[in-house]
Amino acid sequence: MKVLLVNSSAHEKGCTHRALSEVAKSLNKEGIETEIVHLKDPINDCIGCGACKKTGECIIKNDLVNDFVKKAKDFDGFVFGSPVYYAHPSGRLLSFMNRIFYSGSSAFAYKPAAAVVSARRGGTTASLDVIMKHFMINNMPVISSSYWNMVHGWTPEDVKKDEEGLQTMRILGTNMAWFLEMKEFYIKSNHDLPNIENYI
């Protein structure tokens, strides 16, 4: 089983990466493979053309959205991480999530997901709320921890001192691994995942 983690910070090895790395370590400890993807380049916003519903991919080709959706099909769970800007996730992440979920929702449906945010001080719960709404509208189980999924600090060194935040990240990884194992057991017990067509 594999989990894909997304770092939407402008700083590849900053506070958000530090938090995601702690989640990844916990997942690895439970036998889950991980990969962290850094959204280093600008991400174009969705233009609302609807073409992806006909072609199966976004018509904007100059960033990594389409490649990410293809990659996501081979992963079992996701963690989306963002720094907090003005009590909101990064614009880069929101443009990215709007497009991957609109153009490639089937690559994510019924797979567990979690949101992780890092902040110097405030705006964390508002940012978590915005990120998690993407999961809730796409039939994705939301993974939680023992506290809200956040770390605090101005630098990665500050985050290392946030013992409660790092513990929250470790528990998040453990909970994600547990859910994936239970889901695999459920499917191996000859149960099918829900068919949303039955409810439309």
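Helix α4 has 14 residues, and the distance from its first C-alpha to its last is 20 Å, close to the 20 Å expected at 1.5 Å a residue. The model described here is predicted. In it, α4 is mostly covered, with ten of its 14 residues buried. The buried positions are Leu-93, Leu-94, Ser-95, Phe-96, Met-97, Arg-99, Ile-100, Phe-101, Ser-103 and Gly-104. Arg-99 is thus listed as buried together with residues such as Leu-93 and Phe-96. The elements against which the buried residues of α4 pack are β1 (2-7), α2 (52-55), α3 (65-72), β3 (77-83) and α5.

**The cavity**

Helix α4 also contributes to an internal space. A search of the whole structure finds one cavity of 30 Å³ or more, and the largest cavity holds about 100 Å³ of space. Its lining consists of 13 residues, and those nearest the centre are Cys-46, Cys-49, Cys-52, Cys-58 and Ile-59. Helix α4, which spans residues 91-104, supplies three lining residues, the largest share of the lining. Sorted by class, the lining comprises nine nonpolar, three polar and one charged residues.

**Salt bridges**

In general, side chains of opposite charge can pair when their charged atoms come close. The structure holds eight salt bridges. Three of the pairs are set out below, with the distance between the closest N and O atoms.

| Lysine | Acidic partner | N to O distance |
|---|---|---|
| Lys-61 | Glu-57 | 2.4 Å |
| Lys-133 | Asp-129 | 3.0 Å |
| Lys-188 | Glu-184 | 3.8 Å |

The pair of Glu-57 and Lys-61 joins a partly exposed residue to an exposed one: Glu-57 has a relative accessible area of 28%, whereas Lys-61 has 53%. Because the cut-off for exposed is over 50%, Lys-61 at 53% counts as exposed, while Glu-57 at 28% counts as partly exposed.

The pair of Lys-133 and Asp-129 lies within a single element. Both residues belong to helix α5 (residues 124-136), where they are four residues apart, about one turn of the helix. Asp-129 is partly exposed, with a relative accessible area of 37%.

The pair of Lys-188 and Glu-184 is found in helix α7 (residues 163-188). Lys-188 and Glu-184 are separated by about one helical turn because they are four residues apart in that helix. Lys-188 is exposed, at 62% relative accessible area, and Glu-184 is partly exposed, at 34%.

Salt bridges also link residues into a network, whose members are Arg-18, Glu-22, Lys-25 and Arg-170.

**His-17 in helix α1**

His-17 is located in helix α1 (residues 15-29). Its relative accessibility is 15%. Because buried means under 20% relative accessible area, His-17 counts as buried. With its neighbours within four places in sequence left aside, the residues in contact with His-17 are Asn-7, Glu-12 and Ile-36.

**Summary of the main features**

Helix α4 is mostly covered, and its buried residues pack against strands β1 and β3 as well as helices α2, α3 and α5. Three residues of α4 take part in lining the largest cavity, whose centre has Cys-46, Cys-49, Cys-52, Cys-58 and Ile-59 nearest to it. Elsewhere, the salt bridges include the helical pair of Lys-133 and Asp-129 in α5 and the helical pair of Lys-188 and Glu-184 in α7.

Conventions. Residues are numbered from 1 along each chain as its sequence is written. This is a predicted model: local features need pLDDT of at least 70, side-chain atom pairs count only at pLDDT 80 or more; totals for chains, interfaces and linings use all residues. Side-chain values use heavy atoms; hydrogens and water are left out. On a 1 Å grid over the protein atoms alone, a cavity is a set of points where a 1.4 Å probe fits but cannot get out, and a pocket is an open set with protein on both sides within 12 Å along at least five of seven lines; lining residues have an atom within 4 Å of a point. Grid points are joined across faces, edges and corners, and a volume is the space filled by probe spheres set on the points. Helices (H or I, at least four residues) and strands (E, at least two) are DSSP runs, numbered from the N terminus. Ala, Val, Leu, Ile, Met, Phe, Trp, Tyr, Cys and Pro count as nonpolar, Asp, Glu, Lys and Arg as charged, and the others, Gly among them, as polar. A salt bridge is a side-chain nitrogen of Lys or Arg within 4 Å of a carboxyl oxygen of Asp or Glu. Buried means under 20% relative accessible area, exposed over 50%, partly exposed in between (1.4 Å probe, protein chains only). Contact means heavy atoms within 4.5 Å. The expected span of a helix is 1.5 Å times one less than its number of residues.
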